[in-house]
Amino acid sequence: MVVYTSADSAGVATSVAKYIVNAQLNALKTKKTFTIAVSGGSMGKVLKAGLIDSPEIASQVQWDKWNVYLSDERLVPLDHEDSNYGLFISLVVDHLKDAKPSVHPIDVSLLTGENGQVDGSDAAKDESIAEAYAKVLPSDGVFDLILLGCGPDGHTCSLFPGHALLEEKSRSVASIRDSPKPPPRRITFTLPLLAKAEAIAFIAEGAGKAPVLEEIFNDPSSKLPCKIVTDLDLPVSWFVNDAALQGTNVISSKY
Ligand SMILES: O=C(O)[C@H](O)[C@@H](O)[C@H](O)[C@H](O)COP(=O)(O)O
């Protein structure tokens, strides 16, 4: 695990963008596409600032070779304000003038019921959306890069502290119907899928993240989802701003 810190949000966006471009160039040495997963929250804003707004970096991004997936998604229509797909399209893709990435949404034809959401009484329908998403992932399940956020409670993807989904051993994508953070019904990448990635990078900013980062980085006994993912046997990087490290004694470097 490596922690890269920057003074402010602009610095984090530049650092993570350089890291992503490097991962893209490495992947494209041996393959025709770059396979990446993104998350919701503030990530879209960071990606736009780093990969689109900086001309020097923007010129190196080969968007038409990107295959983009969502590491977790809310079970809502794609134009719903809670949709992570919708967020990525509006914050990133809509700002691209020329080449666009292939972005893979959930199969919304499987959404039924009021407001296009699945019938809350039918767990099998939620799981069928997860199964369908697993089928459109790269056939070997290997991502070149998975970008993750970190909730103040230590959740990542839609894997929440103490949740039974942390014990999942076989499914790549699973449904969750009791997310403690709304909306309750979602699908999420699981630990077995995350464990196959070539690399994982977390982005976490702000003083509100300092207590949870202190636990993740300094408490070997922590069972938080972000800590479990950080300890996976693959290159895991954290991109944070100085505020998020306040009060922690983490050794960090500049990317
Ligand atoms: O579905 C969710 O609950 C959010 O998308 C969530 O997983 C997010 O990634 C983290 O809470 C970090 O969010 P920030 O980066 O905005 O702090």
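**Notebook: cysteines and ligand site**

I began with Cys157, which counts as buried because its relative accessibility is 5%. I note at the outset that this is a predicted model, so the side-chain distances I list count only at pLDDT 80 or more.

I then looked for a sulfur partner for Cys157, and found that the closest cysteine sulfur, in Cys226, is 8.8 Å away, which is too far for a bond. Turning to Cys226, I found that this residue is in no disulfide either, with the nearest cysteine sulfur, that of Cys150, 3.5 Å away. I checked the burial of Cys226 as well, and at 0% relative accessibility this residue counts as buried. Since a disulfide needs two cysteine sulfur atoms within 2.5 Å, I entered a count of zero disulfides.

Next I went to the ligand, and asked which residues are the closest to it. I listed 13 residues around the ligand, the closest being Ser42, Arg74, His155, Arg186 and Lys209. Sorting this shell by class, I obtained six polar, five charged and two nonpolar residues.

I looked up individual contacts to oxygen atoms of the ligand. For Arg74, I read 2.8 Å between a polar side-chain atom and a ligand oxygen, and for Lys181 I noted 3.1 Å from an N or O atom of the side chain to an oxygen of the ligand. At Gly41 the backbone takes part, with one of its polar atoms 3.3 Å from a ligand oxygen. I also recorded how far the protein covers the ligand: of the 420 Å² of accessible area that the ligand has on its own, 87% is covered.

Last, I checked the pockets, and the space that the ligand takes is the largest pocket.

Definitions and conventions:
Residues numbered from 1 in each chain as written. Predicted model: local features only at pLDDT ≥ 70, side-chain atom pairs only at ≥ 80, totals over all residues. Heavy atoms only, no water. Near = heavy atom within 4 Å. Polar contact = N/O pair within 3.5 Å; in protein donor to acceptor, adjacent residues only side chain to side chain. Areas by Shrake-Rupley, 256 points an atom, 1.4 Å probe, with all protein chains shown as cover. 1 Å grid on protein atoms, 1.4 Å probe; cavity = no way out; pocket = protein on both sides within 12 Å on 5 of 7 lines; lining within 4 Å. Sits in = over half its atoms within 2 Å of the grid points. Nonpolar A, V, L, I, M, F, W, Y, C, P; charged D, E, K, R; others polar. Buried < 20%, exposed > 50% of the residue type's maximum accessible area, 1.4 Å probe, protein only.
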